[in-house]
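Reader: Can you walk me through this one? Start with the sheet, then we'll jump around.

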Amino acid sequence: MTKAAATKAAATTVLSVRGLSVRFRMRGGRHIAAVTDVSFDLAAGECLALVGESGCGKSVLASALLGLLPGNAQTAGSAVLHGGGDPVDLLAADERTLARTVRGRRIGLVPQSPAAHLTPVRTVRAQLAETLRELTGTPRRELRAATEAAAERAAFPLGHLDRYPHELSGGLAQRAATALALVGDAPLLLADEPTTGLDRDLVDRTADELRRTADDGRALLMITHDLAAAERIADRVAVMYAGRVVELADATSYFGGSGPRHPYAQGLLEALPERAFTPVPGMPPELGDLPDGCAFAPRCERATGQCGTRPPFDGRVACHHLEEPGRA
Amino acid sequence: MLDLKNITAGYERGRPVVREVSLAVAPGEAVGLLGPSGCGKSTLARVAALLHRPDNGTVTLDGALVTEWRHRAPRAQRTTVGVVFQSPRLAADPRLRLREIVAEPLRATGRQIEVRERVDELADLVGLGGDLLNRRPHEVSDGQLQRACLARALVLRPRLLVCDEMTAMLDASTTAALVAAVERYRRETTASLLAVGHDRTLLERWCDRAAEWTELSG
């Protein structure tokens, strides 16, 4: 893509999320606040990495965008998908609309565990061909060529097309899943923990391949706890804690430059073995029993009485104590 | 502490996945074992943890030659080694509460009397606070369940801990917390460690030395 085209693409918003919340109704009238008041925009050609500890609500957010939440979930806010047709609010759309026009066609999903995502009893070729027929209506006589072209887009070797999923290595299974996600030429790609369990070389390769799909003009939302993968390919980083985005920053300033500003985001980064290798003290709070104020305060060394009220999110960071407090 | 000599091991006759590999871990030493997925390093870890009988080669544990594996291994030898696997979901009985998961090795060796004290001690070490110990695996996160699996591996005070990709599925903060718990245990007991993984940065930071899989075959 030329630079001019890239600039143009970057100006187009593909996904616009406003005040997205997800609650799960539990037995005994309890509620689990899995996602609370999340807002962000995602443009074509851009990669946003959503990072946080396990159980912070990242994957629930992905399920909400795909309309795949279980029956006891209640949502609020909006998530408007602009790319690939008329704007549609993913939270309000009915199942028929989502199934026939959104999933696969306007949002491609790169799954967490490709080996479990692929149909075990059919070859990669058969699965790609079926997806092509369903999503693009490719006529039978052109299917073979189109299948191979689809495989090549995700750098899946043609010699392995007639293999079954269990005959593929982790890396190749990942590419097969990516190829399937790219078939519908969706303007938005959603990658849910795409690198979990892969070794470092494969993480790098998978991440680079995802980056390439973004460079081709797609918007990429990567949900991950792998900060190294995020650093490698993300343009922006959203840090989630207890269901809320607590910091939204440019990747360059987050990983290098000025570094993260929220104490939790700092702690998460400092936990890396190439940095301080010290954990954030304590454990994430229960999403069914969140404090009224800042949810991070019980683990935060900067916490004061002020943290009993929730710090507002100003579009970049949500914290009362951005500067180190003068210790008395 | 542990001496693996010319180990050849596999799952099918004539198709070894580990060939002629040697590795030694000195008393109190922490050794990292680095290799890509599928190279056979987990199989070697299973041999070291007395969970898989090698086709060839010798295993010496604490000066004694290992002649039996799995349930046939003498109890004294079996309890010398603690092991933590990559996926806590596959390594924990879904019917048990975390407290029972951690206490299981004590029950299995007839040391029920120590359960209460020892489980509380370990819950503190691995950071399992609140009512987490009373929950079942489906009610906790991967990170919390892995903390319980680490506690279970330490409950009999092993002198060698084998960690097979213990943190591969976990986020940075949980990884650092689990490694810190292992190191605290090792400081208190001078136990040895064999940590298997593919993350060079992690193993070089964590261990006294990191051995490269390709350099072990001889």
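Author: In chain B, four strands form an open sheet in the order β2-β1-β4-β5, with antiparallel pairing. This is a predicted model: local features need pLDDT of at least 70, side-chain atom pairs count only at pLDDT 80 or more, and totals for chains, interfaces and linings use all residues. Residues are numbered from 1 along each chain as its sequence is written, with chains lettered from A and ligands numbered from 1 in the order in which they are written.

Reader: What counts as a strand, and as a pair?

Author: Helices (H or I, at least four residues) and strands (E, at least two) are DSSP runs, numbered from the N terminus. Two strands pair if DSSP finds at least two bridges between them.

Reader: Which strands sit at the edge in chain B?

Author: β2 (15–25) and β5 (64–65) of chain B; each pairs on one side only.

Reader: How many bridges join β1 and β2 of chain B?

Author: Seven, in the antiparallel sense, with β1 of chain B covering residues 2–12. A9(B) has V18(B) of β2(B) as its bridge partner.

Reader: Which helix lies across β1, β2 and β4 of chain B?

Author: Helix α1 (residues 41–48) of chain B, running at about 120 degrees to β1(B). Axes are lines fitted to C-alpha atoms, for helices over the stretch in contact, and angles run from 0 to 180 degrees between N-to-C directions. Contact means that two C-beta atoms, placed from the backbone, lie within 7 Å.

Reader: Now T58(B). Where is it found?

Author: In strand β4 of chain B. Leaving out residues up to four places away in sequence, T58(B) touches K5(B) and L65(B). T8(B) is 50 residues from T58(B) in sequence, with 9.4 Å between their C-alpha atoms.

Reader: Is T58(B) buried or exposed?

Author: T58(B) is partly exposed, because 14 other C-beta atoms lie within 10 Å. The cut-offs: buried is 20 or more other C-beta atoms within 10 Å, exposed is 12 or fewer, partly exposed is in between, with C-beta atoms placed from the backbone.

Reader: Switch to chain A. How many helices and strands?

Author: Chain A has 11 helices and 10 strands. Strands β1 (residues 13–25) and β2 (residues 31–43) of chain A pair in the antiparallel sense over nine bridges. V22(A) has V35(A) in β2(A) as its bridge partner.

Reader: What about the hairpin of β1(A) and β2(A)?

Author: The hairpin has five residues between the strands, and G28(A) takes a positive phi near 75 degrees.

Reader: How much of chain A is buried?

Author: Buried residues make up 45% of the 328 residues.

Reader: How many residues does each chain give to the contact?

Author: 23 from chain A and 23 from chain B. On chain A, α8 (200–215) and α11 (263–270) are the elements that give two or more residues.

Reader: Fine. What is the mean pLDDT of each chain?

Author: pLDDT is the predictor's confidence in each residue, from 0 to 100. Chain A has a mean of 88, with 95% of its residues at 70 or more. Chain B has a mean of 93, with 100% of its residues at 70 or more. The model scores ipTM 0.84 and pTM 0.84.

Reader: Where does pLDDT stay under 50 in chain A?

Author: Over residues 1–10, for which the model has 12 contacts beyond four places in sequence.
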